[in-house]
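Let's take a walk through the open and enclosed spaces of this protein, and then through its nonpolar interior. Have the model at hand as you read.

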Amino acid sequence: MVASAYDDNNIFAKILRGEIPSHKLYEDEHTLAFMDVMPQAPGHLLVIPKVGSRNLLDADPDVLARTIPVVQKLAVAAKEAFDADGVFVAQFNEPAAGQTVFHLHFHVIPRKEGEPLKPHSGVMADGEVLKAHAEKIKAALAL
């Protein structure tokens, strides 16, 4: 079965074009990182490539090679910023695997021992909380 084509009207493509606001954490020529608006834990963020691909299955290997170091950089910063015991990195491919936004993206979620993940509920977090979390991560990036 062939996957559907990339849809450049997905929410992350709209964020990249500036049509939808986000709490940006990091941006370079190839990637963008921003806060997840429905966080499963404090500091939950997303890293996306600027080049459109549906997911890992159709991504250009060069895009992956430029994106993964940014995932690592943000994971280190989020762990530091939230004094986490670990970091959960997740990436979903196609609906059967849980993908709901069809633009390649990596979830980076700081984790503390014994604290369960919140469900990805569809309820957006308070913007001021997300802004404060973004500032903590940006401060850790600057170290």
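How many nonpolar, polar and charged residues does the lining of the largest cavity have? This is a predicted model, and in it that lining has three nonpolar, three polar and two charged residues.

## The enclosed space

The count comes to one cavity of 30 Å³ or more, and about 40 Å³ of space lies in the largest cavity. To find this cavity in your viewer, look for His 30, Thr 31, Pro 49, Lys 50, Val 51, Val 63, Arg 66 and Thr 67, which line it. Helix H2 spans residues 61–81, and H2 gives the largest share of this lining, three residues.

## The largest pocket

Now for the open spaces. The largest pocket holds about 460 Å³ of space and is lined by 24 residues. Lying nearest its centre are Phe 12, Asp 36, Met 38, Val 101 and His 120. Two elements, helix H1 (11–16) and strand E2 (31–35), give two or more residues to the lining; the largest share, three residues, comes from H1.

By class, this lining is made up of 14 nonpolar, nine polar and one charged residues.

## The second largest pocket

About 150 Å³ of space lies in the second largest pocket. Gln 40, Ala 41, Pro 42, Phe 82 and Ala 84 are among the residues that line it, and the lining also includes Pro 110, Arg 111, Lys 112, Glu 115, Pro 116 and Lys 118. Sorted by class, the lining has six nonpolar, one polar and four charged residues.

## The nonpolar cores

Which residues touch the most other members of the largest nonpolar core? In this core of 23 residues, they are Leu 25, Met 35, Leu 45, Val 47, Leu 74 and Ile 137. Strands E1 (24–27), E2, E3 (45–49) and E5 (106–111) each give two or more residues to the core, as do helices H2 (61–81) and H3 (127–141). The largest share, eight residues, comes from H2. A separate core of seven residues lies apart from this one, and its members include Phe 12, Phe 34, Leu 46 and Val 101.

Leu 45 is a good place to zoom in. Leaving aside residues up to four places away in sequence, Leu 45 touches Leu 25, Phe 34, Met 35, Asp 36, Leu 74, Ala 78, Phe 106, His 107, Val 108 and Ile 137. Phe 34, one of these contacts, is a member of the separate core. Phe 12 and Val 101 also belong to that separate core, and both are among the residues nearest the centre of the largest pocket.

Key
Residues are numbered from 1 along each chain as its sequence is written. This is a predicted model: local features need pLDDT of at least 70, side-chain atom pairs count only at pLDDT 80 or more; totals for chains, interfaces and linings use all residues. Side-chain values use heavy atoms; hydrogens and water are left out. On a 1 Å grid over the protein atoms alone, a cavity is a set of points where a 1.4 Å probe fits but cannot get out, and a pocket is an open set with protein on both sides within 12 Å along at least five of seven lines; lining residues have an atom within 4 Å of a point. Grid points are joined across faces, edges and corners, and a volume is the space filled by probe spheres set on the points. Helices (H or I, at least four residues) and strands (E, at least two) are DSSP runs, numbered from the N terminus. Ala, Val, Leu, Ile, Met, Phe, Trp, Tyr, Cys and Pro count as nonpolar, Asp, Glu, Lys and Arg as charged, and the others, Gly among them, as polar. A nonpolar core is a set of buried Ala, Val, Leu, Ile, Met, Phe, Trp, Tyr and Cys residues joined through side-chain atoms within 4.5 Å. Buried means under 20% relative accessible area, exposed over 50%, partly exposed in between (1.4 Å probe, protein chains only). Contact means heavy atoms within 4.5 Å.
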